[in-house]
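Trainee: I keep running into labels when I look at protein models, and I'd like to know what earns each one. Can we go through some together?

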Amino acid sequence: MENKWLRAALPALLIHGSIGTVYAWSVFKQAIADDIGASVANVEWAFSIAILFLGLSAAALGHFVEQDIKKSAILATIFFVTGMIGTGISIQQKSLLGIYLFYGVVMGIGLGIGYLTPVKNLMLWFKENKGLGTGLAVAGFGLAKMIFSPVMIELQLRIGLWQMFVILGGVFAVMMLTGAWLIRKPADWQEKPLKQPFNPLVLLKNGNFMGIWLMFYLNITAGLAIISQEKDILAGLRTPSGTAAFSLAAIAVVVSVDAFFNAAGRIGFASFSDRLQDRNTIYQVIFILSLVMALLAFFLPDQSAVMPVVIVATFFVINAGYGGGFSALPPLLADRFGMHAISKIHGLALTAWAAAGLSGNQLASLIVHGLGMPYQNVFIAIAILYAVALGIATFVVKPTQTIIE
């Protein structure tokens, strides 16, 4: 059976639904620190290293993904599953270095290859609705946290922490290998060698590409700065009477619904971009909405009766825009640079994710913990980032094309 749902959408969800569990990091980072006798701050670097290698491997191996998506899906499976199982063994051996190596480097490489693999294929099958196609893929990446977080918690309680990684490694191997077996490019698409060898320097000198890279980087940095502080911000909110605005159970619900908005933004914003004359407009919409909500959250007085509602709404908007920024990126790049080298170009753009993975969490930590400022200052900091990103989207990213063939 040859159709876009079986050969593109389902494989994408199986692959991204596996590797997207990297965003469930908060579910077990404290447990890892306690188990191996390390500080959370030191363990936290494993996640940053994973995102760094995601971006680096995507940039370095875009050409491999272009050539054969089945082989790239299998290679992604090997790296990601080895990273999961190796992380479990490293925890059992109480080796922080092993966690850095397997969760950070090995699994990070699997993340980069796996993230790229379904994207071009979806745009080929959904050629009239590229945004919807890429939205479906990266929605799986967003939903993975919501689906697997409770599973991970239950497995930790029932069988243990390191055993959880080994068992899920087996589950993800089945899911990703099934995706690799199903995935296939349309029969009417033939990969052709580029007329000239692909030179990344051409993109680094291109104003459109650098503008897209910068606004993508700023959106991720701002999003991670808030996402990394959600629990602490909610726990610190007080009602006018001075009592806690949210119980622990309510905080858990809000964080879970955040994951839904993250996934919904990935489908919604990218799908909406299919109806726009210039897909770059969707980024302007994301930045305006996020900027307005961040400013509102900053300027409302402490213990205002509506503050809890505004903060939660701000989380939802920022999570949706954060997810939408990922799904709208490949179609925007395809519009500007064509389809033939899109995996290479997309891979290079994902280095912005690698950079933001190192800066987003640290920005919020510096403001709240390093400088001892109240959490509201995180909102004004990201408002500035969104304002700069909006300026780049409006004045730097142009509708001109530079087709790479």
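Mentor: Sure. Start with a cut-off: a residue is called buried when its relative accessible area is under 20%, exposed when that area is over 50%, and partly exposed in between. Keep in mind that this is a predicted model.

Trainee: Okay, so why is Lys 120 called buried?

Mentor: Its relative accessibility is 4%. Buried means under 20%, so Lys 120 counts as buried.

Trainee: What does the side chain of Lys 120 meet in a salt bridge?

Mentor: The side chain of Glu 66, with 2.5 Å from N to O. A salt bridge needs a side-chain nitrogen of Lys or Arg within 4 Å of a carboxyl oxygen of Asp or Glu, so the Glu 66 and Lys 120 pair earns the name. Glu 66 sits in helix 5 and Lys 120 in helix 7, so this pair ties together parts 54 residues apart in sequence.

Trainee: Is Glu 66 buried or exposed?

Mentor: Buried, because its relative accessibility is 3%.

Trainee: How do you know that Lys 94 and Asp 35 meet in a salt bridge?

Mentor: Same test: their N and O atoms are 3.0 Å apart, and the limit is 4 Å. Lys 94 is in the loop between helix 6 and helix 7, while Asp 35 is in helix 2, so the bridge links parts that are 59 residues apart in sequence.

Trainee: And why do Lys 94 and Asp 35 count as partly exposed?

Mentor: Lys 94 comes out at 48% relative accessibility, and Asp 35 at 31%. Partly exposed runs between the 20% and 50% cut-offs, so both residues get that label.

Trainee: What is there to say about the phi of Lys 94?

Mentor: Phi of Lys 94 is near 55°, a positive value in a residue that isn't glycine. For background, most residues other than glycine have a negative phi.

Trainee: How many salt bridges does the model hold?

Mentor: The count comes to 8. One of them joins Arg 336 and Asp 278, with the closest N and O atoms 2.9 Å apart. Arg 336 belongs to helix 15 and Asp 278 to the loop between helix 13 and helix 14, so that pair ties together parts 58 residues apart in sequence. Arg 336 is buried, because its relative accessible area is 3%.

Trainee: Which residues are joined into one network by salt bridges that share partners?

Mentor: Asp 274, Arg 279 and Asp 335.

Trainee: Let's stay with helix 15. Why is Ser 327 called buried?

Mentor: Ser 327 lies in helix 15, and its relative accessibility is 0%, so it counts as buried.

Trainee: What makes the link between Ser 327 and Arg 266 a polar contact?

Mentor: A polar atom of the Ser 327 side chain lies 2.5 Å from the backbone oxygen of Arg 266, and the limit for such a contact is 3.5 Å. Leaving aside neighbours within four places in sequence, Ser 327 also has contacts that include Thr 134, Gly 135 and Val 138.

Trainee: What makes helix 16 mostly covered?

Mentor: In helix 16, 8 of its 8 residues are buried. Among them are Ile 342, Lys 344 and His 346.

Trainee: How many residues are in the largest nonpolar core?

Mentor: It has 123 residues, and those with the most contacts inside it include Tyr 103, Met 215 and Trp 353. Helix 15 gives the most to this core, with 16 residues. Apart from it lies another core, of 8 residues, including Leu 122 and Trp 125.

Trainee: What touches Tyr 103, leaving aside its neighbours within four places in sequence?

Mentor: Its contacts include Trp 25, Phe 47 and Phe 165.

Trainee: Which residues form a nonpolar patch on the surface?

Mentor: Ile 74, Ile 78 and Leu 177, with about 260 Å² of accessible area together. Patch members need over 30% relative accessible area. Ile 74, in helix 6, has 40% relative accessibility, so it counts as partly exposed.

Trainee: And why is Thr 178 partly exposed?

Mentor: Thr 178 lies in helix 9, and its relative accessibility is 30%, so it falls in the partly exposed range.

How values were computed. Residues numbered from 1 in each chain as written. Predicted model: local features only at pLDDT ≥ 70, side-chain atom pairs only at ≥ 80, totals over all residues. Heavy atoms only, no water. Helix = DSSP H or I, 4+ residues; strand = E, 2+ residues; numbered from the N terminus. Buried < 20%, exposed > 50% of the residue type's maximum accessible area, 1.4 Å probe, protein only. Polar contact = N/O pair within 3.5 Å; in protein donor to acceptor, adjacent residues only side chain to side chain. Contact = heavy atoms within 4.5 Å. Patch = residues over 30% accessible without salt bridge, like charges linked within 9 Å, V, L, I, M, F, W, Y side chains within 5 Å. Areas by Shrake-Rupley, 256 points an atom, 1.4 Å probe, with all protein chains shown as cover. Core = buried A, V, L, I, M, F, W, Y, C linked by side-chain atoms within 4.5 Å.
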